[in-house]
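This report introduces a structure to a reader who has not met it before. It describes how the chains meet, what lies in the interior, and how one pair of helices packs.

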Amino acid sequence: MNVMQVIEICKATLLTPDVDLDVDIKGGFSGDLMSDVLASVQAESVLITGLCNPQVVRTALIGNVRMIIFARGKKPGEDIINLAIDENLPVAYSPLGLYEISGRLTQAGLPSYEMEMNLFPKD
Amino acid sequence: MSNQATLSDNDAGKITRVEELGYELKISQVMTTNVVTFSPDMSMLEALDLIQKNRISGAPVTLNGEVVGIISTEDLIRALRDGRIDRKVSDYMSRGLITAKATDKVVEALKVFQKKNVGRLPILDENNKLVGLLTKGDITNGLLTALQRDYQAEELIRYRASHLFEDIESDRTSLILRYRIIKDDFLHGGAASNHIKKALHRLGASRQVARKCGIAVYEAEMNLIIHTTNGGFLRVEVEPHKITMEAYDDGPGIDDVEKALTPGYSTATEEVRNKGFGAGMGLVNIRSCVDEMTIKSSKESGTNLYMIMYLDKSQ
């Protein structure tokens with residue numbers, strides 16, 4: 001799935017029109033806690049989050065995430081958008097919630113790129 | 001072309017770099033410029049001599065700089081078979097001329113070669129004067145040269161950095177990167193880690209290794225921002241066989257290291273959690289990303305976190 005398809009499916013608005021949009025999004029991940037993202041996100045995915053600060057972009061870059069959707073209508077500020085533009089990372093925001101966006105993308109055939117976590121294997 | 005459809009995004013994604021270059025390169029960039037030419041009044045025998053001497057398989061016939069025909073080895077064979085090798089070039093040359101402009105893109109010439117059964121195209125300038133000759137071989141060479149140039153430009157930065165260690169002789173060579181991390185500086189949180197990740201990639205680490213080290217130092221960096229009294233430092237030592245990452249601060253120390261290593265356990269404040277941190281996964285993430293992790297912590301001297309990633313030779 002490409003960036004513009006993801007944006008259309010989740011009724012999102014693209015905030016970085018000048019970055020390279022010709023990237024293949026292979027899966028999705030939703031979460032608000034950045035350590036959870038880093039713990040289980042797989043590379044080449046879209047990150048859907050309700051958190052709205054520059055760490056989201058930096059977390060995405062560390063995790064080789066290919067696109068960010070800010071959910072629940074949270075429009076990121078200039079600082080966040082400029083950071084994303086500098087790093088050539090597509091960023092959009094959507095009025096929909098995490099559950100709704102995840103459901104829509106899953107129905108459209110985008111698989112989950114969240115790794116299963118077995119943190120207490122003895123239990 | 002009459003029914004040339006617009007490329008869809010889908011098709012555009014499938015275009016190779018070679019095809020792209022066909023649209024970027026001009027014919028003038030790949031054609032042969034020192035063109036051997038014949039004059040119409042020359043004998044076919046003289047043409048044969050020129051062809052042999054210059055090791056070519058054909059050439060344009062020009063009159064006052066304008067192309068009037070083309071002679072190929074096939075035309076020479078016809079003349080020889082007829083026993084009329086002493087006849088004029090103008091008697092045997094092909095006249096139904098197909099040419100191309102020097103300013104056209106290479107892809108236009110490729111279309112001509114595909115459609116018409118010709119081996120070479122005389123290339124003309126805007127005044128229809130001959131400026132070069134183009135064969136399929138010229139195009140192949142031109143594309144290969146351009147690809148090589150692309151590749152070299154891309155590799156140069158990486159090469160310079162990744163061969164740093166091979167270029168320097170010592171008993172033990174290492175490169176040390178240091179970053180000062182300021183307490184509560186959420187605005188720049190993660191910036192140092194992204195610099196480290198990029199540096200490792202430039203130094204030749206694989207994407208996988210750069211990503212894992214990036215995650216580990218990111219968590220360590222955020223810990224310095226969130227949990228320390230006065231901030232701290234990140235220190236990354238890169239050696240050919242391993243990457244050693246350290247995060248250290250001068251307090252207040254971790255109360256119970258064992259507990260801090262429990263997934264989901266966090267001492268972060270509500271305010272920090274609202275910023276998206278304090279999932280209680282920091283040290284857990286670090287441990288899963290690196291080969292070795294050691295924590296030394298005390299109230300007196302603060303916390304030292306060591307993270308080591310070993311590199312095998314293939315990386």
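## Interface, cores and helix packing

In this predicted model, 21 residues of chain A are in contact with 25 residues of chain B. On the side of chain A that touches chain B, helix 2 and helix 3 (54–62) of chain A are the elements that give two or more residues. Helix 3 of chain A supplies the largest share, six residues. By class, this side of chain A consists of ten nonpolar, seven polar and four charged residues.

The interior is described next. The largest nonpolar core has 75 residues, and those touching the most other members are A:L47, A:V57, A:I68, A:I69, B:C213, B:A216 and B:V217. Helix 11 (residues 207–227) of chain B contributes the largest share of this core, with twelve residues. A second, separate core holds 26 residues, including B:V61, B:I70, B:V89 and B:Y92. In soluble globular proteins, nonpolar side chains tend to be buried together. Leaving aside residues up to four places away in sequence, A:L47 touches A:F29, A:V37, A:V41, A:A60, A:V65 and A:I68.

Helix 11 of chain B also packs against another helix of chain B, helix 14 (residues 282–289); their axes come within 9 Å and cross at roughly 155 degrees. Because angles over 145 degrees count as roughly antiparallel, helix 11 of chain B is roughly antiparallel to helix 14 of chain B. The crossing of these two helices is left-handed. The residues that make the contact are set out below.

| Helix of chain B | Residues in the contact |
|---|---|
| Helix 11 | B:K212, B:I215, B:A216, B:E219, B:A220, B:M222, B:N223 |
| Helix 14 | B:G282, B:N285, B:I286, B:C289 |

By class, the contact of helix 11 with helix 14 of chain B comprises six nonpolar, three polar and two charged residues.

How many of the eight residues of helix 14 of chain B are buried? Six of them are, so helix 14 of chain B is largely enclosed by the rest of the structure. The buried residues of this helix are B:G282, B:L283, B:V284, B:N285, B:I286 and B:C289. Their cover includes helix 2 (34–40) of chain A. From chain B, the cover includes helix 11, helix 12 (257–260), strand 9 (292–298) and strand 10 (302–310).

Conventions
Residues numbered from 1 in each chain as written. Chains lettered and ligands numbered in written order. Predicted model: local features only at pLDDT ≥ 70, side-chain atom pairs only at ≥ 80, totals over all residues. Core = buried A, V, L, I, M, F, W, Y, C linked by C-beta atoms within 7 Å. Buried ≥ 20, exposed ≤ 12 C-beta atoms within 10 Å, placed from the backbone. Helix = DSSP H or I, 4+ residues; strand = E, 2+ residues; numbered from the N terminus. Contact = placed C-beta atoms within 7 Å. Axes fitted to C-alpha atoms, helices over the stretch in contact; angles between N-to-C directions. Parallel < 35°, antiparallel > 145°, perpendicular 65-115°, else oblique. Left-handed = near helix turned anticlockwise from the far one by under 90°. Nonpolar A, V, L, I, M, F, W, Y, C, P; charged D, E, K, R; others polar.
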